[in-house]
Amino acid sequence: MNSKVEELVKHRVKPLSAYRAFAKSFPAKLDANESPWPLPAAARQRIAELVADLSFHRYPDAGAHALREALAMRLGVSDPDTLVLGVGSDEALAMLMRGLSQPRAAGLQARVMYPEPSFVMYGMRAIVEDCEPIPVPLTSQFQLDLAAMQMAIERTRPNLIFLATPNNPTGNCFREEDIVRVIELAPDALVIIDEAYGAFTGKTLAALSVRYDNVAMMGTLSKIGLAALRVGWVRLSRKLADEVEKVRQPYNLNTLSQAVATLALTELWPIIEAQIADIRQERTRLEGMLHSIPYLTVFPTDANFFLVRVAGDAEDIAKELLERGVSVRAFKGSTGPLAGHLRITVGTPAENELLVYALRTL
């Protein structure tokens, strides 16, 4: 690249690292928190029939009306237009930062607050969207530190506060009373409760978005067997949804994703529910097997993955597992709350047994 052209790269972007995932599959792919089970053959055949009738020479439905209605029905939402749809929850949170980032005062950036460790894209996207990231460390038990949160709220007056529960990568839910306290501490901020992994808890905090007018709910289909579709959303008040819609890219959700997601949320939903139940059952079995390995400390989880502390170098262990056909997520660095930890997705029984065998024979 011409050196003069390189100078055009935004200074805030240069220090960042691009998000990269494994480009190949492995016998046990346990690094990305995906569902381990494909849809059954009959469901895939139904999708194939649906796809055969799609009009690929036309633009998608710009408003994704059928998908909005199906999603609203599934979420128990009376007004589908309170849902802003994105290419995964990644785009949904980017739209929030883009649309609700009016600085509090001249010369300042809008602030985006989130606990740390949490979903890495909160901080990365804040930087890209010219917002100031405000990470607030969790307690040693990976719960919200309310005193630290209160100090940060009073000091920075954030526009947005993201709370992922269950949290990624720690796996645990935050205490509901602590979330309520954060909501009440920041009445002029939008608190986004990210329930990307909510399906694995059997409960939702959606009632808080009715109780408080500064609460939004965010979700995705990516963790429950439909990662390839890249469908996410945020539920807002109707007025805020209308404003955020202004920054949504036209036709952001393609025709294929809209059609298959709508089918999954309606006709195929019993299959999705059954697979979620299977993951929760397998999670219990895997937890017992991991606890039997002496050099692992396994943290409680409400999600479809485990955070595990290892006695040794986590990155070296992850590399050795990869040589045995098992991909897991290792956290880089020798310091910080995630040093020495692996994140392991719940796989199929065969994948989990391969993982445990590899861990026992390292």
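# Charge pairs, cores and backbone features

Arginine 125 is partly exposed, with a relative accessibility of 23%, on a scale where buried is under 20%, exposed over 50% and partly exposed in between (1.4 Å probe, protein chains only). The model is predicted, so local features need pLDDT of at least 70 and side-chain atom pairs pLDDT 80 or more, whereas totals for chains, interfaces and linings use all residues. Residues are numbered from 1 along each chain as its sequence is written, and side-chain values use heavy atoms, without hydrogens and water.

The partner of arginine 125 is glutamate 129, and the two side chains form a salt bridge with an N to O distance of 3.2 Å. Glutamate 129 counts as buried at 15% relative accessibility, in contrast to the partly exposed arginine 125 at 23%. The structure holds 20 salt bridges, each a side-chain nitrogen of Lys or Arg within 4 Å of a carboxyl oxygen of Asp or Glu. Three of them are listed here.

| Basic residue | Acidic residue | N to O distance |
|---|---|---|
| Arginine 125 | Glutamate 129 | 3.2 Å |
| Arginine 68 | Glutamate 245 | 2.9 Å |
| Arginine 248 | Glutamate 245 | 3.0 Å |

Glutamate 245 pairs with arginine 68 and also with arginine 248. The bridge between arginine 68 and glutamate 245 connects distant parts of the chain, since arginine 68 lies in helix 3 (residues 65-75) and glutamate 245 in helix 9 (residues 238-245), 177 residues apart. Helices (H or I, at least four residues) and strands (E, at least two) are DSSP runs, numbered from the N terminus. With a relative accessible area of 22%, glutamate 245 is partly exposed, whereas arginine 68 is buried, at 5%, and arginine 248 is likewise classed as buried, at 14% relative accessibility. Elsewhere, salt bridges with shared partners join Asp79, Asp81, Arg238 and Asp242 into one network.

Turning to the interior, the largest nonpolar core (buried Ala, Val, Leu, Ile, Met, Phe, Trp, Tyr and Cys joined through side-chain atoms within 4.5 Å) comprises 58 residues, and the members with the most contacts inside it are Leu290, Val328, Leu342 and Leu355. Helix 11 (residues 269-291) provides the largest share of this core, namely 7 residues. Another core lies apart from it and has 31 residues, including Ile161, Leu163, Leu185 and Leu307.

The backbone shows cis peptide bonds ahead of two prolines. One of these bonds runs from glutamate 116 to proline 117, with omega near 5°, and proline 117 sits in the loop between strand 3 (111-116) and helix 5 (120-128). Another joins asparagine 168 to proline 169, with omega about 20°, and here proline 169 belongs to the loop between strand 5 (160-164) and helix 7 (176-185).

Positive phi values are found at two residues that are not glycine. Alanine 64 has a phi of about 45° and is placed in the loop between helix 2 (41-52) and helix 3, where alanine 64 counts as buried at 5% relative accessibility. Phenylalanine 142, for its part, has a phi of about 60° and lies in the loop that runs between strand 4 (132-137) and helix 6 (146-156). Although phenylalanine 142 is in a loop, its relative accessible area is 9%, and this residue is therefore classed as buried.

Helix 12 (residues 314-323) contains glutamate 323, which, with a relative accessible area of 69%, is exposed.
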